[in-house]
Amino acid sequence: MNDLIIQKPLPIADGDSQAFWDGLKIGQLLLQHCADCGHVQYYQQRICRQCQSENLQHKAASGRGTVHSYSVVYRAPGPAFKQDVPYAVLLIDLEEGPRMISSLVGKDFDVLDFDVPVQLETIKITDDVYLPCFHVVNK
Amino acid sequence: MPRSLRGKVAIVGVGQSPSGRVPSRSPLDLTADATLKALADAGMDKSEIDGVLTGNAFASSFHRFSIALSEYLNIQPAYSNTLQVSGATAGAAVNTAAAAIHAGLADTVLVACGDSLLTGMTPDMAIRAMTESRDQQYEMPFGIPVANTFAMTAQRHMKEYGTTAEQFAQVAVTFREHASRTPGAQKTEPITIEDVLNSKMVTTPYHKLDCSLISDGAVALILTSAEKAKDYTNDPIYILGGGEYYSHEHIFLMPDLTQTGAVQSAKKAYEMAGISANDIDVAGIYDCFTGTVVMMLEDLGFCKKGEGGAFVESGEITYGGKIPTNTHGGMLSYAHPGIPAAWFHFAEVVRQLRGSCGERQVIGAEHGLVHTLGAGFSTQATTVLGTESTL
Ligand SMILES: [Zn+2]
């Protein structure tokens, strides 16, 4: 039973990422838009990965995306995830361009496929941590 | 002419500890054991080693494994480092040792690694190994350790090229056949494609038998300059080319899920060696998962992009095929003690080029390739090796 109380790895915000984790608490997935070259990036850092400009603006993503790839996990990667299996991890292509790692809300793996549309759903983990997860959009 | 270390450095000693399940022996003990055997193989006294490169061991509390190993062996090297580029550490360490010797930083470098992932891990160490594998903010909270990153590349390969689960399974079946001829292999009982497909699903598309083993064990290689090599052995195996490539840290920033930085690392290694994939007689390819091998056969140039599955299915990676691969059985069947795993690929390819592999010998092998990689295809290191006849 000890397995159930082993802490999951929780994100610890740093100087680069505080705004990102704060945004999720109010339901926003913040992307960085470069005012100099137009590059849109996920994840948060001081400089644009394309032109090294510091002129970056946070904008909330639409939350719409598609599944680029996925894997349904049956064997937990350590005790902290044992109560969760099976679960699906996703590589999401966001409408704004960036790709991100996420996981599927729920266990309806039958609807999961390449390129299917998905929608953001923030999931509360603790009072301070909300994770950006996704569910498949029914056509 | 681009600078090159072609033919400047040779591997003159190879040794390995017992591997598989080896309880009650620390990573340092195993690595020292392998080192003493490599020294004996080279007919060399440890006083001649003036460089030590290692990877880190998860089941050891030492942060500077190369320094701790030197003390354990009572060696005081003039050149040392503990490298960390995940599964590519083996190739990176051999390339780096060769470069250091060529540059005059050391004359004779011990390149060794050992760990006891199977029997030596405390629960704390296991959690550290798990959580250190991926980014704590943008990956790990979703329950995605390194296995899932490789799984998602394989899934996409199936989608884009029609690669099948049966083709992936054939990799495991072939390497198991190879392991059955290798003394000391951890798994030797024959398996079929059905066995692989019927084994428990770990993370789609990978079943248990698509995944590498967990083992204890260590390997040591001794490299020295070409000038000194002949003092130790009649069969020096020369470094003909080395190439590496590091394309991303996060899996979501991998430029293309189905084409990896092995394309670039291999190109550089082949160019330095002055050969192409067609010239390679035997290969050691990092086989953390079956699909990894399929993708590497393509990116290393042994077949065209998208044809890796059919290439494996038609017997091209075993004896009589285009490129006999992992003739010792690889991480899928011989041993996978973590970072040291790919050192076994080097040991095997060196022995193949020496012609000392007995019933698993690839007849007449002169050019060998070892490709190591890690961290969801983030890190790639290729090394081309050759016999004296290739110089
Ligand atoms: Zn920019």
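**Exercise 1. Describe the second largest pocket: how much space lies in it, and what lines it?**

Solution. Start with the volume: in this predicted model, the second largest pocket holds about 340 Å³ of space. Next, look at the lining, which has 18 residues; closest to the centre of the pocket are Lys8(A), Asp84(A), Ser103(A), Leu104(A) and Cys133(A). Then turn to the strands: β7 (117-124) and β8 (130-136) of chain A each give at least two residues to this lining. Finally, sort the lining by character: 12 residues are nonpolar, two are polar and four are charged.

**Exercise 2. Decide whether Phe114(A) is buried or exposed, and find its contacts.**

Solution. First locate Phe114(A): it sits in the loop between β6 (99-103) and β7 of chain A. Its relative accessible area is 14%, and buried means under 20%, so Phe114(A) is buried. Now list the contacts, setting aside neighbours within four places in sequence: Phe114(A) touches Val67(A), His68(A), Ser69(A) and Tyr70(A), together with Gln155(B), Arg156(B) and Lys159(B). For a last check along the chain, go 13 residues to Asp127(A): the two C-alpha atoms are 33 Å apart.

**Exercise 3. Work out which strands pair with β2 (residues 51-54) of chain B, and how its faces are covered.**

Solution. Take one partner at a time. β2(B) pairs in the parallel sense with β3 (residues 79-82) of chain B over four bridges, and here Leu53(B) has Asn81(B) as its bridge partner. β2(B) also pairs in the parallel sense with β4 (residues 108-116) of chain B, over four bridges; Val52(B) stands opposite Leu110(B) there. Next, follow the connection: β2(B), helix α2 (residues 65-73) of chain B and β3(B) form a right-handed β-α-β unit. Last, inspect the faces: Gly51(B) and Leu53(B) on one side, and Val52(B) and Thr54(B) on the other, are all buried.

Definitions and conventions:
Residues are numbered from 1 along each chain as its sequence is written. Chains are lettered from A and ligands numbered from 1 in the order in which they are written. This is a predicted model: local features need pLDDT of at least 70, side-chain atom pairs count only at pLDDT 80 or more; totals for chains, interfaces and linings use all residues. Side-chain values use heavy atoms; hydrogens and water are left out. On a 1 Å grid over the protein atoms alone, a cavity is a set of points where a 1.4 Å probe fits but cannot get out, and a pocket is an open set with protein on both sides within 12 Å along at least five of seven lines; lining residues have an atom within 4 Å of a point. Grid points are joined across faces, edges and corners, and a volume is the space filled by probe spheres set on the points. Ala, Val, Leu, Ile, Met, Phe, Trp, Tyr, Cys and Pro count as nonpolar, Asp, Glu, Lys and Arg as charged, and the others, Gly among them, as polar. Buried means under 20% relative accessible area, exposed over 50%, partly exposed in between (1.4 Å probe, protein chains only). Contact means heavy atoms within 4.5 Å. Two strands pair if DSSP finds at least two bridges between them. A crossover is right-handed if, with the strands pointing away from the viewer, the path from the first strand over the helix to the second runs clockwise.
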